[in-house]
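Biologist: Hello! I am new to this structure and would love a close look at one part of it. Could you take me through how some of its helices pack?

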Amino acid sequence: MTRLTAYILLSLTIALVASWFASNPGQVLIVWQEWEVRLSVATLIFLLIIYTAFLWLSVWTMRKLNIFTYFSNPRRLAARRARGEKNLDRAWSAYALEDYKESIKLGLRARSTLGDSGDVLRLLASATRNQSKDKNLYLDQLKSSLVSAPWVLSQELDNSLKQKAWPSAMLLVRDMLKSHPKNKFLLKLNVSLSAQLGNWQEAKVSLRKAMREKGAIKPAEQKHLSAVINYSLALEEKAAGNKNECINLLKSALKSSPSFAPAAQLGARIYIDQGDKKSAEKFLINIWKKNPNSEIGDLLKNLFPSESKGERFRRLKTVSKSEPTFSETYHLLAEIAILAEQWPDAQSALEKVIDSGQASKKTYQTLALLERKQKSDKQASDKLLERSEIVPSDNHWFCSSCQNSPMHYTAVCQKCDTFDKISWFRL
Ligand SMILES: [Zn+2]
């Protein structure tokens with residue numbers, strides 16, 4: 001009954017609408033290029049009704065013939081997905097070969113089957129970033145997703161680090177640490193970036209935070225980093241004229257890492273400036289036994305300018321007696337022995353360097369000096385000098401990041417701006 005009433009009402013409405021259009025005739029003009037189609041409104045409505053009926057009939061037929069089931073068939077969907085994943089794999093391969101245009105093309109194909117999945121967007125974002133500097137919409141899309149945002153930030157961080165844009169890298173690290181406060185990589189980077197920016201107090205605080213997270217930095221590295229940071233803070237105190245504070249920081253540095261030579265060198269220099277030669281000597285002898293270098297050797301050699309050559313030789317011979325396994329020790333001893341005309345000591349020290357496989361330019365240059373001074377044998381001396389040209393260079397400060405050999409140690413390399421990469425390079 002209700003249905004009948006509805007049909008009657010519908011028929012009445014259609015009749016009323018039809019009679020209204022009959023009494024209010026109008027025309028519709030469609031113009032396309034040089035074509036013109038003129039229709040009465042009634043004809044247009046009739047055509048629309050026919051079109052709607054056709055659409056309805058098509059959907060009805062597709063349902064009857066199970067055509068929709070064909071499109072939602074699981075096997076067909078799995079095959080489509082496999083095709084998409086294959087395209088994505090090929091896109092990553094093209095990316096690896098730096099063919100970013102091809103990578104984007106394949107990535108877009110994968111996107112048409114896999115949709116805006118994180119994998120597809122990451123590929124497209126990475127390839128787009130490498131191909132052009134235009135705005136990267138894929139990155140923006142990933143950034144808006146809570147789960148993908150850290151990946152975007154890590155990409156930006158990677159970029160900042162590559163460009164050595166330390167301030168922006170620092171901001172990103174701080175931002176990422178808010179959501180990942182225990183991330184070991186970020187905690188460690190927080191220390192080195194603070195140091196690279198010269199914020200040594202911040203570096204100290206960052207190191208403490210990283211040390212609280214087990215496994216973020218290995219214990220030996222913690223001690224070394226603590227020494228480097230305290231040494232750098234000591235340099236600031238020295239510049240500010242706070243010598244006592246400076247010495248205390250250097251002592252802390254050497255307590256953390258007893259073989260960290262730059263701290264001992266700086267401590268010795270400060271004591272020498274203050275006229276406290278005995279304290280300076282203590283610092284120098286201590287480090288000379290553990291980790292000697294040519295700068296410490298020079299400080300030791302010139303510590304007491306008023307002593308005679310013989311006194312200097314005897315003093316340094318005593319110092320060198322304690323486990324002289326380093327070429328620096330033998331070289332210094334040979335040099336002082338030659339000055340004091342102690343030829344057998346000089347000869348024996350240099351032979352020990354050669355026997356231990358540590359011979360360098362300096363070894364043969366000193367041997368040449370010995371030949372000249374002891375025997376006045378210019379020919380033998382020249383031969384040794386020739387030999388010194390073809391043997392390895394002497395131990396030196398070396399930056400493992402930029403391969404530069406600076407004259408002195410610095411916590412941040414002045415050439416490549418990297419933290420804690422300079423060390424005393426031994427053969
Ligand atoms: Zn460097």
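Biologist: To get my bearings, how many Å separate the centres of domain 1 and domain 2? And then, at what angle do helix H8 and helix H9 pack?

Modeller: Happy to help, and please keep in mind that this is a predicted model. The domain assignment gives domain 1 as residues 2-71 and domain 2 as residues 80-133, and their centres, taken over C-alpha atoms, are 45 Å apart.

Now to the helix pair you asked about. Helix H8 covers residues 149-162 and helix H9 covers residues 166-179. They pack at an angle of about 155°, with 9 Å between their axes. Angles over 145 degrees count as roughly antiparallel, so that is how H8 and H9 lie to each other. Their crossing is left-handed. On the H8 side, the residues that meet H9 are Pro 150, Leu 153, Glu 156, Leu 157, Ser 160 and Leu 161. H9 brings Ser 168, Ala 169, Leu 172, Val 173, Asp 175, Met 176 and Ser 179 to the contact. Sorted by class, this contact of H8 with H9 holds eight nonpolar, three polar and two charged residues.

For a companion view, turn to helix H15 (residues 277-290) and helix H16 (residues 294-301). Here the angle is about 140° and the axes are 10 Å apart, so H15 and H16 are oblique to each other. H15 passes H16 in a left-handed crossing. Leu 284, Ile 287 and Trp 288 of H15 touch Ile 296, Leu 299 and Leu 300 of H16. By class, the contact of H15 with H16 has six nonpolar residues, with no polar and no charged ones.

Definitions and conventions:
Residues are numbered from 1 along each chain as its sequence is written. This is a predicted model: local features need pLDDT of at least 70, side-chain atom pairs count only at pLDDT 80 or more; totals for chains, interfaces and linings use all residues. Domain bounds come from an automatic or database domain assignment. Axes are lines fitted to C-alpha atoms, for helices over the stretch in contact, and angles run from 0 to 180 degrees between N-to-C directions. Helices (H or I, at least four residues) and strands (E, at least two) are DSSP runs, numbered from the N terminus. Angles under 35 degrees count as roughly parallel, over 145 as roughly antiparallel, 65 to 115 as roughly perpendicular and the rest as oblique. A crossing is left-handed if the near helix is turned anticlockwise from the far one by less than a right angle, and right-handed if clockwise. Two residues are in contact if their C-beta atoms, placed from the backbone, lie within 7 Å. Ala, Val, Leu, Ile, Met, Phe, Trp, Tyr, Cys and Pro count as nonpolar, Asp, Glu, Lys and Arg as charged, and the others, Gly among them, as polar.
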